[in-house]
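Here's a walk through one model, starting with the overall picture and then zooming in on a few spots. Keep the viewer open while you read.

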Amino acid sequence: MVRRKTVIERIEDTTSRQVTFFKRKGGLFKKARELGVLCDAQVGILLFSNTGRLYEYSNSTSGVNSIIERYQKVKEGQQFMSASAEAKLWKVEANRLRQQLHNLQEDHRQLLGQNLPGLGLEGLKDLENQLETSIHNIRLTKDQLMIDEIEELNKKESLVHQENTELYKKLNIIRRQNLDLQNKLNGQVEVNETITSSSSQYNIAARADPVCLQVSHPHHAERDEQPESPTLWYGKVYIFSNLLCL
């Protein structure tokens, strides 16, 4: 069974908080005792509960007071350190940093091929091995960068080729659509020209062959009715023929 991790936050329940306090206090004092025994250390603990009660632990025979006195003496000694001692400490640190800087500058000049006679044979061999190792690492880094750039360029080339293929397909679709529209437009123009030509031929034929009607006298029955005038019949036929010619 996996143990659930305890969330570190204030316990709101008073009873649970008191129980946890006593458990953790016992564990803390136990760890302090083990630390003193294992490491031969002088350990002291001062602990106040939320109710103000004091709990203390010390592995010293004289109790916690001796540890507190020792702490105060050490603290006062650090605070009242003399100015000369502090200046001496900073002087030693400055000398150490100065020597370190000198060594770095000397190594840099040797890497540039300067001040080589003072190295000796072993020093020159070490410098040569160091330079070969550096050149090898530099070449490996350069080759890796070039490989990465080539892979990136290949990816970009693949993407550009794919985009060009898609554009070429779209262009072919547009060309086919334009061709279809052009064919439809040409077919419509031919139909219109055919209709116009047929209509013109019909009109020409109608004008070339006008309707001619012959006027004849009607037969009248034998009765006392008077026949209509031939002039009236001729006028009616002439108007009817003109209408047909239109």
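A contact here means heavy atoms within 4.5 Å. With that in hand, take the contacts in the chain between residues at least 6 apart in sequence: 28% of them join residues at least 24 apart. Bear in mind that this is a predicted model.

**The overall layout**

The chain has five helices and two strands, and going along the sequence they come in the pattern α-β-β-α-α-α-α. Of its 246 residues, 9% are buried. The accessible surface adds up to about 22500 Å², with 57% of that belonging to carbon and sulfur atoms.

**The hairpin**

Now for the two strands. How do β1 and β2 run, and how many bridges join them? They're antiparallel, and five bridges hold the pairing. Together β1 and β2 make a hairpin, with five residues between them. In that turn sits G52, whose phi is positive at about 95°.

Strand β1 covers residues 44-48, and its side chains alternate. I45 and L47 point to one face and are buried, whereas G44, L46 and F48 point to the other and are not. That fits the textbook picture: in a regular strand the side chains alternate between the two faces of the sheet.

Before β1 there's a small oddity. D40 lies in the loop between α1 and β1, and its phi is positive, about 55°, although D40 is not a glycine. D40 counts as exposed because its relative accessibility is 72%, and the cut-off for exposed is over 50%.

**A closer look at S58**

Over on the other strand, S58 belongs to β2, which spans residues 54-58. S58 is the bridge partner of G44. Is S58 buried or exposed? Its relative accessibility is 17%, so S58 counts as buried; the limit for buried is under 20%.

What does the side chain of S58 reach? One answer is the backbone oxygen of G63, at 3.3 Å. A polar atom of the S58 side chain also lies 3.1 Å from the backbone nitrogen of S60. Leaving aside residues up to four places away in sequence, S58 touches V43, G44, G63, V64 and I67. So G44 turns up both as a bridge partner of S58 and among the residues S58 touches, and G63 is on that contact list too.

**Aromatic pairs**

The chain has four aromatic pairs. One of them is F22 with Y55, an edge-to-face pair with 6.3 Å centre to centre and 90° between the planes. F22 lies in helix α1 (residues 14-39) and Y55 in strand β2, so this pair ties together parts that are 33 residues apart in sequence.

The two partners sit in unlike surroundings: F22 is partly exposed, with a relative accessible area of 44%, while Y55 counts as buried at 12%. F21 joins in as well, since F21, F22 and Y55 form one aromatic cluster.

**Salt bridges**

How many salt bridges does a search of the whole structure find? It turns up three, set out here with their N to O distances.

| Salt bridge | N to O distance |
|---|---|
| E12 and R10 | 3.2 Å |
| E93 and R96 | 2.5 Å |
| R109 and E106 | 2.7 Å |

E12 and R10 are both exposed. Where do E93 and R96 lie? Both are in helix α3 (residues 83-111), three residues apart, about one turn of the helix. R109 and E106 are in helix α3 as well, and they too are three residues apart, about one turn.

As for cover, E93 counts as partly exposed at 31% relative accessibility, and R96 counts as partly exposed at 44%. R109 is partly exposed with a relative accessible area of 25%, and E106 is partly exposed with 22%. Those labels follow because partly exposed is what lies between the under 20% and over 50% limits.

Terms used. Residues are numbered from 1 along each chain as its sequence is written. This is a predicted model: local features need pLDDT of at least 70, side-chain atom pairs count only at pLDDT 80 or more; totals for chains, interfaces and linings use all residues. Side-chain values use heavy atoms; hydrogens and water are left out. Helices (H or I, at least four residues) and strands (E, at least two) are DSSP runs, numbered from the N terminus. Buried means under 20% relative accessible area, exposed over 50%, partly exposed in between (1.4 Å probe, protein chains only). A polar contact is a pair of N or O atoms within 3.5 Å; within protein, one must be able to donate a hydrogen and the other to accept it, and residues adjacent in sequence count only if both atoms are side-chain atoms. Two strands pair if DSSP finds at least two bridges between them. A salt bridge is a side-chain nitrogen of Lys or Arg within 4 Å of a carboxyl oxygen of Asp or Glu. Accessible areas come from the Shrake-Rupley method with a 1.4 Å probe; for residues, only the protein chains shown count as cover. Rings of Phe, Tyr and Trp (its six-membered ring) pair if their centres lie within 6.5 Å; planes under 30 degrees apart count as stacked, over 60 as edge-to-face and the rest as tilted.
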